[in-house]
Amino acid sequence: MKKILLLLTVMIGLITQILAQSHQVSGKVTDEKGNPVSGASIAIKDFKIGTTTKEDGNFSFSIPASAKTLIVSAVGFTEKRITIGGDAINVVLVKDDKKLDEVVVTAMGQKRDKKGLGYSITELKGDALTKTPNQNGVTGLSGKVAGLQVISSGGAPGQAASIVVRGGAKSMTGSNEPLYVIDGVPVSNSTDGDDNLRLGQSNVGSTPNRMSDINPDDVESISVLKGGAASVLYGNRGANGVILITTKSGKAAKGKPIVVFSSNVGADNALKLPEFQNTYAQGTNGADYAEATSFSFGPKIEGQQVYSKAAGKNVTLQVHDPRKDFLKTGFTWNNNISVSQTMEKTNFYFSAGNFKQTAIVPNQDYNKANVRFNITNQLTSKLSMGGNFSYIKTWGNVPYGGQDGNNPFFALFDMPVSWDINGYGYQKPDGSQINFRGGSFDNPLWSVNKNYYKTKDDRIVGGINLDYKALPWLDLSYKLGLDQYHDNRTAFKDIKSGASPYGYLSNDLIKREEITSTFLANVTRKLTSYIGMNFTLGHSYNQRKSDQFTQTATSLSFPGIAHMSNATSFNPDYQYNTLRRTIGVFGDLKLDYKNYLFLGLTARNEWSSTLPASNGSYFYPGVNAAFVFTEVLNIDKNILSYGKIRAAYAKTARDAQPYQIYNVYYSATAQDGMTSGIIFPFGSIPSAAYNPTLKNLNLKPEITKEFELGAELKFLNNRLGLDITYFQNKNTDMIIPLDVSKTTGIQNMVVNGGATRNKGLELTLNAGIIRAQNFNWDMNITFTRIRSKVLSIYGDLDKIYLGGFDGNPAVFAVLGQQYGSIIGTGYQRDSLGRIMVGADGRPDLVDGMNLGKTAPDWTAGITNTFTYKNFSLNVLVDMRHGGYVLNGTKQLLDYYGTGKQSGVGRYESFVFDGVSDVPGKKNDVSVSRDRNWWSYQYNIDEAYVYKNNWVKLREVALSYALPVKNSIVKKVNVGLYGRNLFLWTKVPDVDPESSSFGIGNAQGITRIAYPTTRSMGLNVKVTF
């Protein structure tokens, strides 16, 4: 009993002591007019304790006795610090127009108040790319910007991705990618080979897009200029939109240097793999086991003894899992360190990083090392000088792409379950290949151990700039920028490879260089006490050079030696060089009346070297206006805090690719229809032929005219924000290559023709759903709905090829339809829409049918951010609805008999649901689900077209800020992350987001594309 009393006494004393160390404070937060400020944050300096005000502005919470200062902040108000002097504290916050009027980076790197812009612009902070680490910053934008769509070709390390803004379709057969600008320097996002993927050619690697070179940890902010009015100052380079990237500087790091170290490690696995049948062995006739065939239409696997030529003996027939035996877990390592500081007249930022990713298939990887140095120095009171420099080195063994026989997934997905991939191996003692099939597709183990496609790139991106304050109202600036890279590629296929039995070696050197010079004069004046003016006059010069030199050996002497000295026969060396220049002068006038009514006028004249002199100069204007009506109308700020309407119109243009004007000669070839023919020069015999493409001396630029209407609204003291935009553009004078009858002596000609139209709706909704003590819940929703239409093509043409196979299936721009249609073989139907069936019980087919549009009906992204004390959870759900995808992967799986569906009811008789094509009655002819049926089904593209609807759990990031009380370490954040964690879709066997024909305009077909990957990992970030 005494012990219990003693314990109670001690506990009461402790509780009394704790209560004595804290006390309750309460108060109210109001604005200057006495209106309550709800959702204001109340934090205690030097403590991780805080609360938020209620709807009436009141707050109350317990604080430590040692607390001395409260920090009070709210959106749109200046932060205030209050010395704690009692238990009742009332705070008056002062409106901060600069915080409410968000400053964003616009064209030519100019910083403007978003309030005064008459066009749509979206800005993201750099952490939008780093919450879930990803080597390619382009894919990090998925689901985060309305009107922006990310196109990814697959999940291989370094595999390319691209962006289209507002649905693309501005150029019918040319590029629809936006311009990328880093710190005012235009940079390349080329893949240098994507056209070959688009055409389904072989000997092509899945090379990265060059924007993947950029280190996401260096990014301060990203501005997306969507419409022509926002991007007109960039000329034809900005006609498809502009992605402005601003890298970090030392401006926020005053005093001592700030050092930040971040590291993450993750694991990658295939997000979705096909489902396979596990019943039938390799064979063709349903009865006999047979190797060296592509088909899995053999006997049932029941443990019987069969002779295996690969094993060289009798084996027990059993079910294996070659996919599981071949694939592995890929890993990602990423480390970055940065140092930033602001001194009296100088600020700088330095970073270094290293990235390594291994693939889910053996022996493939991608690596990146980068350094960056940014510096600004105030030389005099009027003159400042700055520079930014980055060096990036990338290297890796990337997969063969497109429809190449060394794409390991072709053979892997078609491999019979009776094949023991690791047990049988891939090479015989004599060096020949062990393969379950013949033809041009290799054993996957041979593909990854004997053959490769390597890339090694060195890149420099940098610029220097001068800024001079000539007069209080006149600023002059000049920037000189450089983007240069050398990409060395080696494609090697060893002797005994399927498509290259004598071996193959290609050395490809690609060089690109872009120089940009930009001069700006900026005038800022008050014309009257009510009217302000900002006028920018500029001049730009851009030069782009590319050089490609290729050596190709078509046979080798000895296996395993990837050197030209090992070659016994060659194709003639290939060399291609381009040079193009543009010069532009432009002006940008902005007027404001009492800071609530704004008018912007822009204009640019451009001269292009890729167009004839008669059409090489072209002019395009733009106009935009904005009205912040809440500054004029007497609206309760607690209901509608901010309201703005805007409108814009602009005309933009795109010039031609180099050398589309004059006809030239090229290396001649001779074909006999049975062999690969001869490419000249042959031995000592030189020969050249007239280029089969008829060029156009009267070529004109492509023209886009676009207008947009929008509104920005903020409700409930900025707790709820809505940004909505309607746009429409018309695109004419398309530069397109037309196929021509070969009897004319040419194959195609370049013409101006065709027109498209896009119209759409973009919506962004921000909501602070919960504001409570120690807990916040914020939501961001993006929604995009776009409708395109092909208005005309050329003459009486009704479609034009965009990419895919030579014939069916392929993607075309079809007259009167949305841009991008799948053309293939479909069912023949009667007047009632019923499928017609022939006398053999098989459906009748029609070639060249339009099987559906590839564009989505709408896309959306939903981001939820939860914070509780030192914890933060970020969740992004990305979704797409509408459009169609041709699932060529399932088509092949059924054809070869490995797909799950091909094993259901195999060899059973069934009656195809349709009507007889002769008397028109219900079909009653039965057929067997055997190899012959699935071979016939393979020709029916329509049977494999699916609604391209999906929902992805795109990103999840959980982080925790460790409490730090250290004079050296300032912050420590640790976390878990996941990317592409779950996929919900009715499209079987594949991730419908993958693409088999690169990242160009030919989207909507996936055929043995490299599977997308699910990533999970750990990260840590320490600030010193």
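Lys393 comes out as partly exposed in this predicted model, at a relative accessible area of 27%. Its salt-bridge partner is Asp458, and the closest N and O atoms of the two sit 3.2 Å apart. The pair links distant parts of the chain: Lys393 belongs to strand β23 (residues 383-397) and Asp458 to strand β24 (residues 452-471), with the two positions 65 residues apart in sequence. Asp458 has a relative accessible area of 25%, so this end of the bridge is partly exposed as well.

A second bridge joins Arg771 and Asp778, with 2.6 Å separating the closest N and O atoms. Here, too, neither end is buried: Arg771 is partly exposed at 28% relative accessibility, and Asp778 is partly exposed at 27%.

Things look rather different for Arg237 and Glu514, since both of these residues are buried, which means that each has under 20% relative accessible area. Their side chains meet in a salt bridge, at 2.7 Å from N to O. Arg237 lies in the loop between α4 (228-231) and β16 (242-247), while Glu514 is part of strand β26 (residues 504-526), so the bridge ties together parts of the chain that are 277 residues apart in sequence.

Besides these pairs, there is a salt-bridge network to pick out. Arg210, Asp213, Asp457, Arg459, Asp483, Asp487 and Arg489 are all linked in it. Counted over the model, the salt bridges come to 43.

Turning to the nonpolar side of things, the largest core is made up of 69 residues. Within this core, the residues with the most contacts are Met172, Phe326, Val361, Phe409, Trp419 and Ile736. The biggest contribution to the core comes from helix α6 (residues 408-413), which supplies five residues.

Val361 gives a closer view of the packing. Leaving aside residues up to four places away in sequence, Val361 touches Phe326, Leu327, Lys328, Phe409 and Tyr1010. Two of these neighbours, Phe326 and Phe409, also appear among the residues with the most contacts inside the core.

Apart from the largest core lies another one, of 30 residues. Its members include Ala229, Phe586, Ala648 and Val750.

Conventions
Residues numbered from 1 in each chain as written. Predicted model: local features only at pLDDT ≥ 70, side-chain atom pairs only at ≥ 80, totals over all residues. Heavy atoms only, no water. Salt bridge = Lys/Arg side-chain N within 4 Å of Asp/Glu carboxyl O. Helix = DSSP H or I, 4+ residues; strand = E, 2+ residues; numbered from the N terminus. Buried < 20%, exposed > 50% of the residue type's maximum accessible area, 1.4 Å probe, protein only. Core = buried A, V, L, I, M, F, W, Y, C linked by side-chain atoms within 4.5 Å. Contact = heavy atoms within 4.5 Å.
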